[in-house]
Amino acid sequence: MEELINPTYYLAEFSLKSRAHLYNLLHKMFEDAIHHFEFLTFNPVIKRYKPKVYQQERSFLTVQESWRLLRSCKGSWLEAPLWVSLFTGMRPCEVQALRWQRVDLPNRRIVISAIFKRSENRIQD
């Protein structure tokens, strides 16, 4: 088990993020065994072995790239969602769940009250 969660060990089949997920699962499982079921007295998945996952710097479209994208989608079904996304900063799942009753044009306001859950193919309020 230590080989899976200790970042000093290298496992080619697991990414660093996968090892972090595995660590969190194991840590929670053993915490439940201690506190809810009283099977153990200590957690063998100790904090010092928690893998560090570093965030990659995100890249964004420049203003010129945004206008080029909008020009290339002119007249297609993507044009309206792209305009909304680019000029409001809404995420794709928020744009997909957007309804006209949540758009207040006179006050220049959009209320985000739902998201589209792609994994379940449904809108969640």
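Select Trp 77, Leu 78, Pro 81, Leu 82, Ser 85, Met 90, Arg 91, Pro 92, Val 95 and Gln 96: these residues line the second largest pocket of this predicted model. The elements giving two or more residues to this lining are H4 and H5. The volume of the second largest pocket is about 250 Å³. Colouring the selection by residue class will show seven nonpolar residues, two polar residues and one charged residue in the lining of the second largest pocket.

**The largest pocket**

Next, select Ala 80, Val 84, Leu 98, Trp 100 and Val 103, which lie nearest the centre of the largest pocket among the 13 residues that line it. Two elements, helix H4 (79–88) and helix H5 (92–96), each give two or more residues to the lining of the largest pocket. Which helix gives the most to this lining? Helix H4 does, with six residues. The largest pocket has a volume of about 310 Å³. Its lining comprises ten nonpolar residues, two polar residues and one charged residue.

**The enclosed cavity**

Now turn from the pockets to the cavity. The structure holds one cavity of 30 Å³ or more, and the volume of the largest cavity is about 40 Å³. To display its surroundings, select Glu 94, Ala 97, Leu 98, Arg 99, Arg 102, Val 111, Ile 112, Ser 113 and Ala 114, the residues that line the largest cavity. How many of the lining residues of the largest cavity are charged? Three are charged, alongside five nonpolar residues and one polar residue. Leu 98 deserves a second look at this stop: Leu 98 lines the largest cavity, and Leu 98 is also one of the residues nearest the centre of the largest pocket.

**The aromatic cluster**

Select Trp 67, Trp 83 and Phe 87 and show their side chains; ring pairs link these three residues into a cluster. In total, the structure holds four aromatic pairs. Begin with Trp 67 and Phe 87, whose rings form a tilted pair, with 5.8 Å from centre to centre and 55° between the planes. Trp 67 belongs to helix H3 and Phe 87 to helix H4, so this pair ties together parts that are 20 residues apart in sequence.

Keep Phe 87 selected and move to Trp 83. The aromatic pair of Trp 83 and Phe 87 is stacked, at 5.0 Å centre to centre and 25° between the planes. Both Trp 83 and Phe 87 lie in helix H4, four residues apart, which is about one turn of the helix.

Are the two tryptophans of the cluster buried or exposed? Trp 67 has a relative accessibility of 38% and therefore counts as partly exposed. Trp 83, at 35% relative accessibility, likewise counts as partly exposed.

**A buried serine in helix H3**

For the last stop, return to helix H3 (residues 63–72) and select Ser 66. Ser 66 has a relative accessible area of 14% and is therefore buried, since buried means under 20%. Which residues is Ser 66 in contact with, leaving aside its neighbours within four places in sequence? Add Leu 61 and Leu 86 to the selection, as Ser 66 is in contact with both of them. With Trp 67 also displayed, the view in helix H3 holds the buried Ser 66 together with the partly exposed Trp 67.

Terms used
Residues are numbered from 1 along each chain as its sequence is written. This is a predicted model: local features need pLDDT of at least 70, side-chain atom pairs count only at pLDDT 80 or more; totals for chains, interfaces and linings use all residues. Side-chain values use heavy atoms; hydrogens and water are left out. On a 1 Å grid over the protein atoms alone, a cavity is a set of points where a 1.4 Å probe fits but cannot get out, and a pocket is an open set with protein on both sides within 12 Å along at least five of seven lines; lining residues have an atom within 4 Å of a point. Grid points are joined across faces, edges and corners, and a volume is the space filled by probe spheres set on the points. Ala, Val, Leu, Ile, Met, Phe, Trp, Tyr, Cys and Pro count as nonpolar, Asp, Glu, Lys and Arg as charged, and the others, Gly among them, as polar. Buried means under 20% relative accessible area, exposed over 50%, partly exposed in between (1.4 Å probe, protein chains only). Contact means heavy atoms within 4.5 Å. Rings of Phe, Tyr and Trp (its six-membered ring) pair if their centres lie within 6.5 Å; planes under 30 degrees apart count as stacked, over 60 as edge-to-face and the rest as tilted.
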